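This briefing covers strand pairing and sheet order. The bullet points are grouped by sheet and by hairpin.

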Amino acid sequence: MKSLFGTLADGTEVYSWSLANGGTRLKVLSYGGIVQSLEIPDRRGRLANVSLGFDDIEDYVAKSPYFGALIGRYGNRIDKGRFTLDGKTYQVDVNDGVNSLHGGAKGFDKHVWDIEPFTKGSDVGLYLYRTSVDGEMGYPGTLKVKVTYTLTRHGDWRIDYEATTDKATVVNLTSHVYWNLAGEGSGTIENHELKIAASRYTPVDSGLIPTGEPAPVAGTPFDFRRTKRIGEDLREADQQLLYAKGIDHNWVLDKGISPRPEWIATLKDPSSGRTLRMATTEPGLQFYSGNFLDGTLVGPSGRTYRQGDALCLETQHFPDSPNKSAFPSTVLRPGQTYRSTTVHSFSC
């Protein structure tokens, strides 16, 4: 189903698309490709929206900390917004202190996407398209992007990203859903349980830019190789936690880049029984523990979002990869096609 969600200041209409399959209900906005709500059942079959968001377009435009959005052209941070590619230095938009975050002040999350619905066998979904012109937010090359949201008959939500360019550029696309499996507006996620298939992570400096040397998670608050309650070590006096006011770090997935999605993380809310399993082709997972939610944002539940009321699990390449030659490359060249897939599987 398609319906009008709101109108931007310039008169552009924003539409909402509603999908349902396999017990999962998904609502997507043409503005930013935003997941406005994602409903899944608990162990008793009761549906709840497990994604933070807003009821109106005005709040998404003015206040949103990337709730549910498609992120690009470069997800995560680039040090001082500068990188050198083929001998030329590029300056992209700086919007996070001295650094660039999630593509700049007007990244992919702040554009209206073209959307087409589809049905394939027992699957339903949406094709989302946009063209990022050469020089947008300082990035080189005209980038043509296609993102496919699929709801399978099992209720899985699959994201397939594709992009091509006419000039060498850097690309790192991801999704920025804020998860609370107990339900949006229900309070802290510190009792959620998480497991990540990663024995290393990338430590950061005070600006949350990776130092460039992956470090073992063993013996640190970042060890989620075995299922652990999120709040268990969250308030340790660890310098990395102090830098981020919690967790806002990239895990180096043990599997590396894979040709097909492989399972890399499991998140569970014991109170409702809702469980999210994630599979991806990407080499990294950015885990953000909702550190900057400050009680000033109000969701569809009518409740405020406070620090730690949700978490993000962003499958992607590593932060600042354009400046870290040892990290997997994010360079895309003419004639190549960027491809990435992430699958979210729900159970209770």
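Val 252 has Gly 284 of strand 24 opposite it. Strand 21 (residues 248–252) and strand 24 (residues 284–288) run antiparallel and are joined by five bridges. Strands are DSSP runs of E with at least two residues, numbered from the N terminus, and two of them pair if DSSP finds at least two bridges between them. The model is predicted: local features need pLDDT of at least 70, side-chain atom pairs count only at pLDDT 80 or more, and totals for chains, interfaces and linings use all residues. Residue numbers start from 1 along each chain as its sequence is written, and side-chain values use heavy atoms, without hydrogens and water.

**Five-stranded sheet**
- Strands 21 and 24 belong to an open sheet of five strands, ordered 19-18-21-24-27 with antiparallel pairing.
- Strand 19 (215–216) and strand 27 (312–316) are the edge strands, and each pairs on one side only.

**Nine-stranded sheet**
- An open sheet of nine strands follows the order 11-12-13-14-29-23-22-17-20, and its pairing is antiparallel.
- Strand 11 (114–120) and strand 20 (228–229) each have a single partner strand, so one side of each has no neighbour in the sheet.
- Within this order, strand 17 (residues 193–196) and strand 22 (residues 262–268) are antiparallel and share four bridges.
- Leu 194 has Leu 267 in strand 22 as its bridge partner.

**Hairpin of strands 8 and 9**
- Four bridges pair strand 8 (residues 82–85) with strand 9 (residues 88–91) in the antiparallel sense.
- Thr 84 lies opposite Thr 89 of strand 9.
- Two residues separate the strands of this hairpin, and Asp 86 has a positive phi near 55 degrees.
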